[in-house]
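Visitor: Please take one part of this model and go through it closely. I would like a connected account rather than a list.

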Amino acid sequence: MAHSLNLFFLLCSLLFLISPSIAKTSSRPKALVLPVTKDSSSLQYITTINQRTPLVPVKLTVDLGGRFLWVDCEYDYVSSSFLPAHCKSVQCSLAGSKSCINFCYSTPKPLCHNNTCENVPYNSVSQDGTTGDVSMDVLSIPSTDGKNPGKEVSVPKFLFTCVGAFLKKGLASGVKGIAALGRTKISLPNQLSAAFSFRHKFAICLSSTPTSKGVIFFGDGPYMMLPNIDVSTSLIYTPLVLNPVSALGPVFHEEPSADYFIKVTSIRVNGKIVRFNTSLLSIDKEGNGGTSLSTVTPYTVMETSIYKAVVTAFVKEISGIPRVAAVSPFGACFDSQKIGSTRVGPAVPPIDLVLQSESVYWRIFGANSMVQVSDKVICLGLVDGGETPKTSIVIGGHQLEDNLLQFDLASSKLGFSSSLLFRQTTCSNFNFTLVSNK
């Protein structure tokens with residue numbers, strides 16, 4: 001109860017801090033929207049926000065489990081509205097800062113302010129961490145009516161962390177930092193919902209092609225895709241599970257994980273149960289095990305025994321299709337010329353992630369289970385994660401594409417659509433070309 005009250009007062013503090021002088025519009029938006037594209041080289045999902053005064057477009061890698069927005073401030077960070085977060089301030093408390101910086105000996109600037117609280121940003125692509133300055137600046141983002149983008153609105157003192165340029169290692173070309181969507185007080189979803197007083201919800205819909213834009217919504221639906229389909233109306237819901245231990249090492253060990261976990265209870269291939277040690281699907285007291293979702297992991301990664309069991313079952317069910325030499329990082333590849341096509345991708349056995357009951361499951365069809373690696377070779381898009389991974393199953397970006405995922409943070413539940421191809425639309429069908437006046 002005490003923890004819940006503390007969280008309530010902190011969120012109220014966040015609302016008080018970032019809500020004055022909120023918008024460039026005369027009314028509060030009901031939802032916000034960002035485009036997201038797939039980088040063909042790194043397989044990262046990239047979005048762009050406008051930040052600073054004057055506003056500058058900043059390219060960011062989308063990290064579903066990221067703890068907070070961080071940006072390279074070492075070079076070319078110029079803004080008249082930049083503010084450091086001073087030690088022992090409410091902002092530092094919200095950011096979870098545990099230390100203070102007092103060793104700047106030059107003219108104050110981003111990354112060099114005394115009496116500034118410090119945070120520990122993490123690059124989940126390179127798996128590097130460092131220290132950075134908790135900071136504030138203007139952030140501007142388009143509103144939406146669920147059908148089209150609308151006028152841009154601004155948060156004048158959006159909390160983020162300034163970092164050195166080296167932390168960008170491994171990020172896609174031109175990317176300046178991480179757009180964090182994780183389970184923390186100062187992630188993008190929580191700060192934006194506090195600023196504009198809309199429901200603590202956000203949704204992602206990742207496009208499967210680098211030439212088309214997917215979409216991130218902040219706030220409730222409708223989420224309209226051409227031809228005039230509200231893809232939020234047929235969601236299946238499952239509880240979000242909190243992992244009480246972060247996977248990011250000793251520095252974060254006292255914090256709960258910012259990743260989104262769901263409770264997978266079993267796996268079926270072509271309707272048949274796959275046999276493996278299902279205790280691996282539970283999270284133990286050290287935070288090991290379970291199933292999380294990731295936008296920085298390109299393909300679903302499974303603990304070795306689960307991986308081998310699923311691949312064996314899949315190969316058995318697709319026995320009529322000739323196998324070919326494996327192509328890294330995949331272990332099971334086939335002659336794609338011998339596989340037919342369907343509305344939901346290659347005609348292969350579906351894989352079901354069974355959730356809280358046998359009748360509630362996330363079905364992965366061929367478009368999400370298979371990866372075309374050459375003209376003649378197609379592979380099962382699963383990766384062996386080794387015998388002792390922190391998380392037993394990490395559902396990767398390829399398996400999320402053309403699926404709408406709605407994260408209801410207030411109710412702690414995930415709504416998922418399974419493949420939108422069944423509804424004759426895709427995640428690239430949000431109409432970014434027409435700007436609404438609303």
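Guide: What follows starts with one sheet and the helix on it, then turns to the cores and to some loops. The model is a predicted one.

The sheet is open and has four strands, in the order S20-S19-S27-S28, with antiparallel pairing. Its edges are strand S20, residues 272–273, and strand S28, residues 360–364, each of which pairs on one side only. Strand S27 covers residues 351–357 and runs antiparallel to S28, to which five bridges join it. Within this pair, Ile351 stands opposite Ile364 of S28. Helix H4, made of residues 304–317, packs on the sheet and touches S20, S27 and strand S19 (266–269). The direction of H4 makes about 20° with that of S19.

H4 also has a part in the nonpolar interior. The largest nonpolar core holds 75 residues, and those with the most contacts inside it are Leu192, Phe218, Ile267, Phe334 and Trp362. H4 gives the most to this core, eight residues. Another core lies apart from it and has 19 residues, including Ile46, Ala95, Val163 and Leu167.

Among the loops, the one between strand S8 (122–123) and strand S9 (128–129) contains Ser124. Ser124 counts as buried because its relative accessible area is 19%, and the cut-off for that class is under 20%. Its side chain and that of Asp63 are joined by a polar contact of 2.6 Å. With neighbours within four places in sequence left aside, Ser124 is in contact with Asp63 and Val296. Gln127 lies in the loop between S8 and S9 as well. Gln127 has a relative accessible area of 59%, so it is classed as exposed. Its phi is near 60°, a positive value in a residue other than glycine.

A positive phi is also found at Leu43, about 65°, although Leu43 is not a glycine. Leu43 sits in the loop between strand S1 (31–38) and strand S2 (45–51). With a relative accessible area of 24%, Leu43 is partly exposed.

Two cis peptide bonds remain to be described. One runs from Leu226 to Pro227, with omega near 0°; Pro227 belongs to the loop between strand S15 (224–225) and strand S16 (229–230). Another joins Ser328 and Pro329, where omega is about 10°. Pro329 is in the loop between strand S23 (323–324) and strand S24 (333–335).

Terms used. Residues are numbered from 1 along each chain as its sequence is written. This is a predicted model: local features need pLDDT of at least 70, side-chain atom pairs count only at pLDDT 80 or more; totals for chains, interfaces and linings use all residues. Side-chain values use heavy atoms; hydrogens and water are left out. Two strands pair if DSSP finds at least two bridges between them. Helices (H or I, at least four residues) and strands (E, at least two) are DSSP runs, numbered from the N terminus. Contact means heavy atoms within 4.5 Å. Axes are lines fitted to C-alpha atoms, for helices over the stretch in contact, and angles run from 0 to 180 degrees between N-to-C directions. Buried means under 20% relative accessible area, exposed over 50%, partly exposed in between (1.4 Å probe, protein chains only). A polar contact is a pair of N or O atoms within 3.5 Å; within protein, one must be able to donate a hydrogen and the other to accept it, and residues adjacent in sequence count only if both atoms are side-chain atoms. A nonpolar core is a set of buried Ala, Val, Leu, Ile, Met, Phe, Trp, Tyr and Cys residues joined through side-chain atoms within 4.5 Å.
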